[in-house]
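Morning. I have one structure to go through, and I will keep to its charged side chains and one helix packing. Please have the sequence and the model open.

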Amino acid sequence: MDYFNPQLDIGEINNLSMLGLAHVGDAVYELMTRTLLCAEGHAQANDLHHRTVEYVNASSQAKAADRIQNLLTDEEMRVYKRGRNTRVHSVPHHAQISEYHAATGLEALFGYLFLQGRKDRLNELFLEIHREEL
């Protein structure tokens, strides 16, 4: 198994819980964000951390999910909604429950696409999220 280039079949992915997909997707989204910031020339560790936290939080991810809604295929929308509607065990104090659910849906979608090896689609959606900033 190449963990940087997984290509699980849809049956294997469907056997994972939505929170499992969100767990993977959270890491994928954060890695993409960190890469974006470094590629933009942010080199100070403290600056990188603060900028990353600005993008990788429930409120920002909920807004990101809104930006790509109209681009999602029916299959992607089903995954997003299943992730969004998943019962979560706790919500950070600084997040609204609706934002946290939307962020979980986004993370589940990113995990779903990553585990299929669909890097091009991940990049397409991520670039749309950050289109106005680039």
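I will take the salt bridges, then a buried glutamate, then a pair of helices.

Keep in mind that this is a predicted model. How many salt bridges does a search of the whole structure find? Five.

Start in helix α2, which covers residues 18-39. There R34 and E30 form a salt bridge, with the closest N and O atoms 2.7 Å apart. The two residues are four apart in the helix, so about one helical turn separates them. Are these two side chains buried or exposed? Neither: R34 is partly exposed, at a relative accessible area of 43%, and E30 is also partly exposed, at 23%. The cut-off for buried is under 20%, so E30 at 23% does not count as buried.

Now go to helix α7, residues 119-129. E124 and R121 meet there in a salt bridge, 2.8 Å from N to O. They are three residues apart, again about one turn of the helix. The burial of the two partners is not alike: E124 is partly exposed, with 44% relative accessibility, whereas R121 is buried, with 11%.

That pair belongs to something wider. Which residues are linked with E124 and R121 in a network of salt bridges? E76 and R118. E76 sits in helix α5, residues 74-84. Its relative accessible area is 0%, so E76 is buried. What does E76 touch, apart from neighbours within four places in sequence? Its contacts are L71, L109, L113, R118 and R121. Two of those names, R118 and R121, also appear in the network.

One further salt bridge joins R131 to E128, the closest N and O atoms being 2.9 Å apart. Hold on to E128, which comes back in the next part.

The last item is how α7 packs against helix α4, residues 58-68. Two packed helices are described by the angle between their axes and the distance between the axes. For α4 and α7 the angle is about 110° and the axes are 9 Å apart. Angles of 65 to 115 degrees count as roughly perpendicular, and α4 and α7 are therefore roughly perpendicular to each other. On the α4 side the contact is made by A64, R67 and I68, and on the α7 side by L125, E128 and I129. By type, the residues of this contact are four nonpolar, two charged and no polar. E128, then, takes part both in the contact with α4 and in the salt bridge with R131.

That is what I have.

How values were computed
Residues are numbered from 1 along each chain as its sequence is written. This is a predicted model: local features need pLDDT of at least 70, side-chain atom pairs count only at pLDDT 80 or more; totals for chains, interfaces and linings use all residues. Side-chain values use heavy atoms; hydrogens and water are left out. A salt bridge is a side-chain nitrogen of Lys or Arg within 4 Å of a carboxyl oxygen of Asp or Glu. Buried means under 20% relative accessible area, exposed over 50%, partly exposed in between (1.4 Å probe, protein chains only). Axes are lines fitted to C-alpha atoms, for helices over the stretch in contact, and angles run from 0 to 180 degrees between N-to-C directions. Angles under 35 degrees count as roughly parallel, over 145 as roughly antiparallel, 65 to 115 as roughly perpendicular and the rest as oblique. Contact means heavy atoms within 4.5 Å. Ala, Val, Leu, Ile, Met, Phe, Trp, Tyr, Cys and Pro count as nonpolar, Asp, Glu, Lys and Arg as charged, and the others, Gly among them, as polar.
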